[in-house]
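Colleague: Could you go through this model with me before I set anything up on it?

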Amino acid sequence: MSAMLQLPLVVTAQVDLVLVLVSLLALWTRLSRLSYPNAVVFDEVYYGQFVSFYMKRVFFIDDNGPPLGHMILALGAYLGGFDGNFVWNRIRAEYPSSVSVWSLRVLPSLCGALCVPLVYLLTLELRFSHLSALGAAVLLLLENSLIVQSRFMLLESVLIFLVLLAFFSYLRFHNAPTSSWFRYIWLLLSGVSCAAAVGVKYMGLFSYLLLLGVAFLHAWNLIGDQFLNVCVQCVCRVVCLLVVPVLLYVFWFYLHLSLLNRSGPHDQLMSSAFQASLQGGLSRITQGQPLEVAYGSQVTLRSSASQLIPCWLHSHKENYPVRYENGRGSSHQQQVTCYPFKDVNNWWIIKHPGRQELVVDTPPRPVRHGDVIQLVHAMTSRFLNSHDVAAPMSPHAQEVSGYVDFNVSMPAQNLWKVDISNREAESEVWKTILSEVRLVHVNTSAVLKLSGVSLPDWGFRQLEVVAEKLFKAHGSSLGWNVEEHRYGTSQEPKEREAELHCPTHIDVDRKISFWAKFLELQWKMLTVKQEESEHKYSSAPLEWITMETNIAYWLHATTNAQIHLIGNPVSWGVANLSLLAYQLLAAVYMLRRRRGFKDLPDAVWDQFVCLGCVCVGGWLVNFVPFLLMEKTLFLYHYLPALCYLYLLSPQQCDTPPCAVCVCVSAVLLSVFLSYRTFCPLTYGSPELSANQLRELRWRDTWDILDRRH
């Protein structure tokens, strides 16, 4: 043993000093004076409210994206001791001394700084020289817009970091010797990074799909090797790049729903069962309610239609007009609507058609799937009715009313069949909150549904309820569920009204599974969209390419100090020229190769094609989709696509002759001078005079603010 161990022990390490240098410079440009300004900057007002929700464990839903990005921001806030007690209501609001601004911003800034060395390493994995890697890193290092976006509590820098890490890890796996099993760690890291990128913003899905395409092409090229080797390679890719990202995506939501277990302002977007699973809110109202709906039960029926605002089946003493504005007649019976607020007129009583009692028996007799019932409005004692009369706003459907006998040969048609759509057995009992029920009109086979149309003033702008034939009705608007539920014990109307405020208490566990909550949350994120509005700094995608727009992020209250999202004009131009040059070169090379002229050896051609797939493909998948989107867009949406062009730019001058080296050096010097020129608008200091600000307005379309003294 002593013969094998020789002293002294020596460890030899190779350090890329250029990589260390660009990393330190990236940390300095992104992290220096991070707490300035000590005020809310642009979209911090948006993301900050979600951070506060996490600190207070209050449930929310963000229809713009998944939760991982918010959790990363919340982690920084938590490490800084933030308790969530700050009102995020306006830009430029000063942070109090109790809020650690540095901790709120440090994680996005670190991600932004790490993007620079990642681009350096990624260029090397694309098999280009260290000089090209340095050029790409410098372009990213001195890009003013990326610096601004990294220095605040925003998510673009986190997204870009994860996307670059995913491609770097995958190429590291692809370039490693096939005999090394350690390379599968890189493949796994690539899958994890893809899942994290999609979990931060759905924009990450574009790059993830591109990476899957590259991986598929590489797997296709394996065909012809030994069968066992091909199978192992394909299985590893499927597991690491498909299975692991899907599982992790679900895991982000598991964390999200586990952390946010308290009722909040977004509860109303979710189903009654989802709301009842949260502490406070609806769970305080429904706690102790009877589980099984019985004859004599007093209930409120909430529509399960996918709407931004929930509503409950409702009636009041007013009748439908004898004639509508268009001249059509009505039954002139009592109005039945859907009302988006809690109200005593939302209560209904489940009645057995063969009995007069409106109270629950002892023991209660439950209502089951397939039973025929009557619904009695608790406050007016009118029966829920439908007949062959056109609905007021939807003439193709039947009117629904509270039946009034006017002795005009219009008999009551008030029998409804209970159809539990999510039943597990044919004799299943109607359950509070859990059962989704369709009420089928016995006489006409029409289904009670929410049309979603607002009634005129005579209907108090409440929502129309109709009965529609099942083959015509849209499935999402047919369901109803019992939200509030009491066992009725009073037969007299006045006693019953008082009883509605005195719920019975029977302890029932009605928790819903994680998968049910996960699927519902996914559906709401896809279908419930906040109303889009024009913004002063919104822009069209084609304006991004030539940087015709900017965004004023922050303006000092009394001076000309200000921060803008403006790119480095020189490097922006270099990126556009490199994109054009690559396309022209690719077209020329392909035409000549078609004619048998191989200007590039096969190995170099493969390298050139790989560069286009990653860089040009990355730009396309992160830019073209925005041309098809109908939503409010901003310049920062272009930053992920821009990073791919910065990867592309130096590679086309790889190992150039001396003259080209001089030109490249001149371009990089221009990039640095442009960066320095716009630094006052990047960091908010030093304050510039009115004349200096006017000199920085290189384009007439830029909105640079001048506070005249």
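**Cavities, rings and two buried residues**

Colleague: How do the residues of the lining of the largest cavity divide by polarity?
Modeller: Eight are nonpolar, three polar and none charged, where Ala, Val, Leu, Ile, Met, Phe, Trp, Tyr, Cys and Pro count as nonpolar, Asp, Glu, Lys and Arg as charged, and the others, Gly among them, as polar. This is a predicted model, in which local features need pLDDT of at least 70 and side-chain atom pairs count only at pLDDT 80 or more, whereas totals for chains, interfaces and linings use all residues. Residues are numbered from 1 along each chain as its sequence is written, and side-chain values use heavy atoms, without hydrogens or water.

Colleague: Which residues line the largest cavity?
Modeller: The lining consists of L159, I160, V163, L164, M203, G204, S207, N622, P640, C643 and Y644, and the volume of this largest cavity is about 70 Å³. A cavity here is a set of points on a 1 Å grid over the protein atoms alone where a 1.4 Å probe fits but cannot get out, and lining residues have an atom within 4 Å of a point. Grid points are joined across faces, edges and corners, and the volume is the space filled by probe spheres set on them.

Colleague: Which element gives the most to that lining?
Modeller: Helix α7 does, with four residues; α7 (156–175), α9 (204–220) and α18 (639–648) each supply at least two. Helices are DSSP runs of H or I with at least four residues, numbered from the N terminus.

Colleague: How many cavities of 30 Å³ or more are there, and what lines the second largest?
Modeller: There are six of 30 Å³ or more. The second largest, with a volume of about 60 Å³, is lined by R30, G112, C115, L140, L146, Q149, S150, E156, S157, I160 and L639. Two or more of these residues come from each of α4 (101–125), α6 (144–150) and α7, and the lining divides into five nonpolar, four polar and two charged residues.

Colleague: Changing topic, what is the mean pLDDT of the chain?
Modeller: The mean is 87, with 91% of residues reaching 70 or more, pLDDT being the predictor's confidence in each residue from 0 to 100. Residues 504–509 fall below 50, although this stretch has 14 contacts in the model beyond near neighbours in sequence, a contact meaning heavy atoms within 4.5 Å. Where pLDDT is low, the predicted coordinates should not be read in detail.

Colleague: And how many aromatic pairs does the structure hold?
Modeller: It holds 47, one of them between Y46 and F50, which is edge-to-face at 5.1 Å centre to centre with 90 degrees between the planes. Rings of Phe, Tyr and Trp (its six-membered ring) pair if their centres lie within 6.5 Å, and planes over 60 degrees apart count as edge-to-face, under 30 as stacked and the rest as tilted.

Colleague: How far apart are Y46 and F50 in helix α2?
Modeller: They are four residues apart in α2 (residues 44–56), so about one helical turn separates them. Y46 is partly exposed at 24% relative accessible area, whereas F50 is buried at 4%; buried means under 20%, exposed over 50% and partly exposed in between, with a 1.4 Å probe and protein chains only.

Colleague: Is S193 buried or exposed?
Modeller: S193, in helix α8 (residues 183–200), is buried at 2%, and beyond neighbours within four places in sequence S193 is in contact with L162, L165 and A166.

Technical notes
On a 1 Å grid over the protein atoms alone, a cavity is a set of points where a 1.4 Å probe fits but cannot get out, and a pocket is an open set with protein on both sides within 12 Å along at least five of seven lines; lining residues have an atom within 4 Å of a point.
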